[in-house]
Amino acid sequence: MITGVGLTEFGRDSGSTALELQARAAYGALDDSGLSSGDVDTVIVGYATTLNHIMPANVLAEYLGARPERAFGMSVGGATGLAMVAEAVRLVRNGEAENVLVVGGENRASGQTRDTAIATLAQVGHATHEVLLGANIPAYYALLAAEYLDRYGLGRADLAPLAVQMRAHAVTHPGAQFRKPISVDDVLAAPLIADPLGLLDCCPISDGAAAVVISIDRGDPRAVTVAGIGQSNPHQHVSEADFHDVGARSSAQAALREAGVAIDGLEILGIYDSFTITLAILLEQIGIVEPGTAGRRAAEGLFGPEGRFPLNLHGGLLSYGHSGVAGGMAHLVEMVVQMRGEAQQRQLDSRPRRGLLHADGGVLSAHVTAVLSSTMKGGR
């Protein structure tokens, strides 16, 4: 059961260290769950590029005053947040833990130079076949985007509505890094970063943190159930990827199967959106929309608050921000507060009962899917 969530605002300069940001989110999640650091028996912490410590969970546990039985770190890129949640759920299901604190966060924007951040992230590429050629993360995803657009006979304007939709959602969230509305024309006019991806097709680098508490079922009416989990890791490097099947499909199918839910039974989505092309490919390969149509369906309103599949209502990575592991975890926090009816001005009129989260790490390399379920009744 997810019994507590915590999320900081995301931005360019938090004035805090990675450890301070992690602690802020952790205390928020513990307070939300009604627990103290002394109640935690397991701490799982994601990698942080600005902390660079080989024992991140032990460091945070000590900082929080916790003395857990188990403490370990994890690193599978952007999929790390959901992968940590998956491990926490397994520990609780197996009776090995009662209260697991899962944390991700760092001062990725202010704690290092731009060039250092780019060079660090580029290492997900093949050391001899990709990195040595000067490739970086936007370049890797630009390859995916170019192939996708060519395959379906589309142009840059066909991805732009996804960025517009994420910004529209961020406008109503006080913690979002970017809250000024944008249009398709704005996306197309933005400087190219790696053709065909422009600045607004790419998520920002941010400071921020998120945390989740996974606990045994104590009858908490606000708790949200992790009903299904799926994972897939078919490749690491984009040069080895099958662009037609990156792994999202099998991961999502496994989670849906375990939860006993079909796609038409979902009421809210949280899908990783590091780039507009990331979001398009994941939505299509999971089976939410038909191939080549994600941008068009966004323009038609499918993913808005009144649409059939409300998506990333906090603004996603593209507009709420991306601070490493916490970026993907923010999708989970938003889904939980929506299911509880606690999303304030962003709250859906009909409280969602079932939702699907999906995150990827690397260049669509590592995939984790989770299906959340809530039994709470009522509207706002």
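# Two sheets and their helices: a Q&A

User: To get started, in what order do the strands of the 4-strand open sheet come?
Analyst: Bear in mind that this is a predicted model. Its 4-strand sheet is open, and the pairing in it is mixed. Going across, the order is S8-S11-S10-S9.

User: Which strands stand at the edges of that sheet?
Analyst: Look for strands that have a single partner strand each, so that one side is left without a neighbour in the sheet. Two strands fit, and they cover residues 225-232 and 268-271. They are S8 and S9.

User: By how much are neighbouring strands of this sheet turned against each other on average?
Analyst: This is an average over neighbouring strands, with direction ignored. It comes to 15°.

User: How many bridges join S8 to S11, and which residue in S11 stands opposite Ile229?
Analyst: S8 and S11, the latter made of residues 366-373, run antiparallel and are joined by 7 bridges. Opposite Ile229, in S11, you'll find Ala370.

User: S10 has pairings too, so do S10 and S11 run parallel or antiparallel?
Analyst: Start with the other pairing: S9 and S10 run parallel over 4 bridges, and there Ile271 has His358 as its bridge partner in S10. Between S10 and S11 there are 8 bridges, and Leu356 stands opposite Val371 in S11. The direction of S10 and S11 is antiparallel.

User: Which residue in the turn of the S10 and S11 hairpin has a positive phi?
Analyst: The hairpin has 4 residues between its two strands. In that turn, a phi of about 70° belongs to Gly362.

User: How many residues of S10 are buried?
Analyst: A residue counts as buried when its relative accessible area is under 20%. S10 is mostly covered on that basis. The count is 7 of its 8 residues.

User: Where does H8 lie, and at about what angle does H8 run to S8?
Analyst: H8 lies across three strands: S8, S10 (354-361) and S11. Its angle to S8 is about 150°.

User: H8 and H9 pack together, so what is their angle called?
Analyst: H8 covers residues 248-259 and H9 covers residues 276-286, and their axes are 8 Å apart at an angle of about 55°. That angle makes H8 and H9 oblique.

User: What residues meet where H8 packs on H9, and how many of them are nonpolar?
Analyst: H8 brings Ala248, Arg249 and Ala252, which meet Leu282, Gln285 and Ile286 of H9. By class, 1 residue of this contact is polar and 1 is charged, and the nonpolar count is 4.

User: How many residues of H9 are buried, and which residue follows H9?
Analyst: H9 is mostly covered, with 11 of its 11 residues buried. Among them are Thr276, Leu279 and Glu284. After the helix comes a residue with a positive phi near 105°, namely Gly287.

User: Let's move to the 5-strand sheet: which strands stand at its edges?
Analyst: This open sheet has mixed pairing and the order S1-S7-S4-S2-S3, and the twist from one strand to the next averages 15°. Residues 2-7 and 70-74 make up the two strands that each have a single partner, so each is left with one side lacking a neighbour in the sheet. Those edge strands are S1 and S3.

User: Which residue in S4 is the bridge partner of Thr42?
Analyst: S2 (residues 42-46) and S4 (residues 99-107) pair in the parallel sense over 4 bridges. H2, at residues 56-64, lies across S2, S3 and S4 and runs at about 120° to S2. Thr42's partner in S4 is Val100.

User: Val212 sits in S7, so is Val212 buried or exposed?
Analyst: S7 spans residues 207-215. Setting aside residues up to four places away in sequence, Val212 touches several others, including Ile2, Ala29, Val100 and Met329. Its relative accessibility is 1%, so Val212 counts as buried.

User: What about Glu334 in H12, is Glu334 buried or exposed?
Analyst: H12 runs over residues 325-340. Leaving out residues up to four places away in sequence, Glu334 touches His173, Leu313, His314, Ala343 and Arg346. At 4% relative accessibility, Glu334 counts as buried.

Conventions
Residues are numbered from 1 along each chain as its sequence is written. This is a predicted model: local features need pLDDT of at least 70, side-chain atom pairs count only at pLDDT 80 or more; totals for chains, interfaces and linings use all residues. Side-chain values use heavy atoms; hydrogens and water are left out. Axes are lines fitted to C-alpha atoms, for helices over the stretch in contact, and angles run from 0 to 180 degrees between N-to-C directions. Angles under 35 degrees count as roughly parallel, over 145 as roughly antiparallel, 65 to 115 as roughly perpendicular and the rest as oblique. Contact means heavy atoms within 4.5 Å. Ala, Val, Leu, Ile, Met, Phe, Trp, Tyr, Cys and Pro count as nonpolar, Asp, Glu, Lys and Arg as charged, and the others, Gly among them, as polar. Two strands pair if DSSP finds at least two bridges between them. Buried means under 20% relative accessible area, exposed over 50%, partly exposed in between (1.4 Å probe, protein chains only).
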